[in-house]
Amino acid sequence: MTTVQEKALAISKEKHGKLEIRSKVEINSMADLSVAYTPGVAAVCTAIAQNKDDVYEYTSKRNLVAVITDGSAVLGLGNIGPEAAIPVMEGKAILFKRFADVDAIPLSVNTQNVDEIVSHIAAFAPSFGGINLEDISAPRCFEVERRLKEILDIPVFHDDQHGTAIVVLAALYNALRVVNKSLGKINVVINGGGAAGLSIANMMLAAGVKNIKVVDKLGILSESDTSLPPHHMEMAKKTNREKQTGTLQDAVKGADVFVGVSAPGVLKKEWVSTMAEKSIVFAMANPTPEIFPEDAKEAGAYVVGTGRSDYPNQINNVLAFPGIFRGALDARAKDITLEMQLAAAKGLASIVTDERRSADYILPNAFEPNVAKVVAQSVSNAVKK
């Protein structure tokens, strides 16, 4: 039996990648050529030179996103370099097109220096209506995004951070409805202090979660630990107000929610059994989760989600990023703000109706109709406010 990996290799070799560029206009004659290129194109150039904003009317910029990586944190493969990251960027580009009709160009930069990454992207940004950062390792990714947001007038979005957080929050909204618990009273443990984990914590805090502990490889992030790097200390000052120290095992005792963006098998069954009644477990390490759903449920978890498509409640960024960029591009947004992200999470959660919601159905799948449309509309509405 052919595996998914073997199929992926075969089709990528056969097609030489997953992406091609097609013309929107026909060029079948000299007359066509004169309109598409010279001399006709000069009129378009002149119009844009006279009014720069007309670039959105006369070019593909209005619907074009750059999907950019430095190859430093690709999937679960790590720092495999810009060439090896191209298949993921191509995959992201075709998902943009398939689910939200957004055109996207994959770009891998041959540097992992923050200054160089920022200057490269800033230099070619005029061609694009938005920038999707992808698979850039922490903490470098935070600085790259922050600086680009400061200097560019188009949306910049690091999907590994915010896309993940948006889908997790949407899943949490519906999971809490299933277990009849409220956002402001739950205790949440987030395992993983990288880009995704920190963004999930920030998103939950903004949404109204008050009690969060973030656990990294060395234990629970606590303000009392003066050896923490700056990005972890910043988070420690906003979470774990009891300044608890210890391991993941210590953190999950009595917790209502576990969110894993970390490593395979790190959450033990016996630890899940110490969580609160009707606990929620989102184990998103891929392809092997922090705990398998059958083990989590056997240990007492009531709602379980993973990053995998072969289990219920797949928590996947594809539910968010196409619609987010669709909405931002349509609204001609200059940024993707926290308010827009929270609106996207609420919109995504709303697709699961009261009648259909259950422990095994807290998120739609990517192929359900209107997912990207609902998310896009939610984002656009947030821009207009």
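Which residue in E9 is the bridge partner of Gly260? To find out, let us walk through this predicted model, beginning with the sheet that holds E9.

That sheet is open and has six strands, which follow the order E7-E6-E5-E8-E9-E10 with mixed pairing. Strand E7 (219-220) and strand E10 (301-306) stand at its edges, and each has a single partner strand, so one side of each is left without a neighbour in the sheet.

Now look at strand E8 (residues 257-260), which stands between E5 and E9 in the sheet order. On one flank, four bridges join E8 to strand E5 (residues 187-191), and these two strands run parallel. You can follow the pairing residue by residue: Val188 stands opposite Val257 in E8, and Ile190 has Val259 as its bridge partner in E8. On the other flank, E8 is joined by four bridges to strand E9 (residues 279-283), again in a parallel arrangement. Here is the reply to our opening question: the bridge partner of Gly260 in E9 is Ala283.

The side chains of a strand are worth a look too. In a regular strand they alternate between the two faces of the sheet. In E8, Val257 and Val259 point one way, while Phe258 and Gly260 point the other way. Are these residues buried or exposed? All of them are buried.

Next, turn to helix H8, which covers residues 159-179. With 21 residues at 1.5 Å a residue, H8 should span 30 Å, and its end C-alpha atoms are 29 Å apart, which agrees. How does H8 sit in its surroundings? Of its 21 residues, 19 are buried, so the helix is largely enclosed by the rest of the structure. Just after H8 comes Asn180, which takes a positive phi of about 60°.

Finally, let us visit an empty space. Rolling a probe the size of a water molecule over the atoms shows where such space is left. The second largest pocket has a volume of about 860 Å³. Its lining is made up of 25 residues, and those nearest its centre are Ile21, Arg22, Ser23, Lys24 and Ser60. The elements giving two or more residues to this lining are helix H2 (30-36), helix H3 (41-50), helix H5 (82-100) and strand E2 (103-108). Sorted by class, the lining of this pocket has 16 nonpolar, three polar and six charged residues.

Conventions. Residues are numbered from 1 along each chain as its sequence is written. This is a predicted model: local features need pLDDT of at least 70, side-chain atom pairs count only at pLDDT 80 or more; totals for chains, interfaces and linings use all residues. Side-chain values use heavy atoms; hydrogens and water are left out. The expected span of a helix is 1.5 Å times one less than its number of residues. Buried means under 20% relative accessible area, exposed over 50%, partly exposed in between (1.4 Å probe, protein chains only). On a 1 Å grid over the protein atoms alone, a cavity is a set of points where a 1.4 Å probe fits but cannot get out, and a pocket is an open set with protein on both sides within 12 Å along at least five of seven lines; lining residues have an atom within 4 Å of a point. Grid points are joined across faces, edges and corners, and a volume is the space filled by probe spheres set on the points. Ala, Val, Leu, Ile, Met, Phe, Trp, Tyr, Cys and Pro count as nonpolar, Asp, Glu, Lys and Arg as charged, and the others, Gly among them, as polar. Two strands pair if DSSP finds at least two bridges between them.
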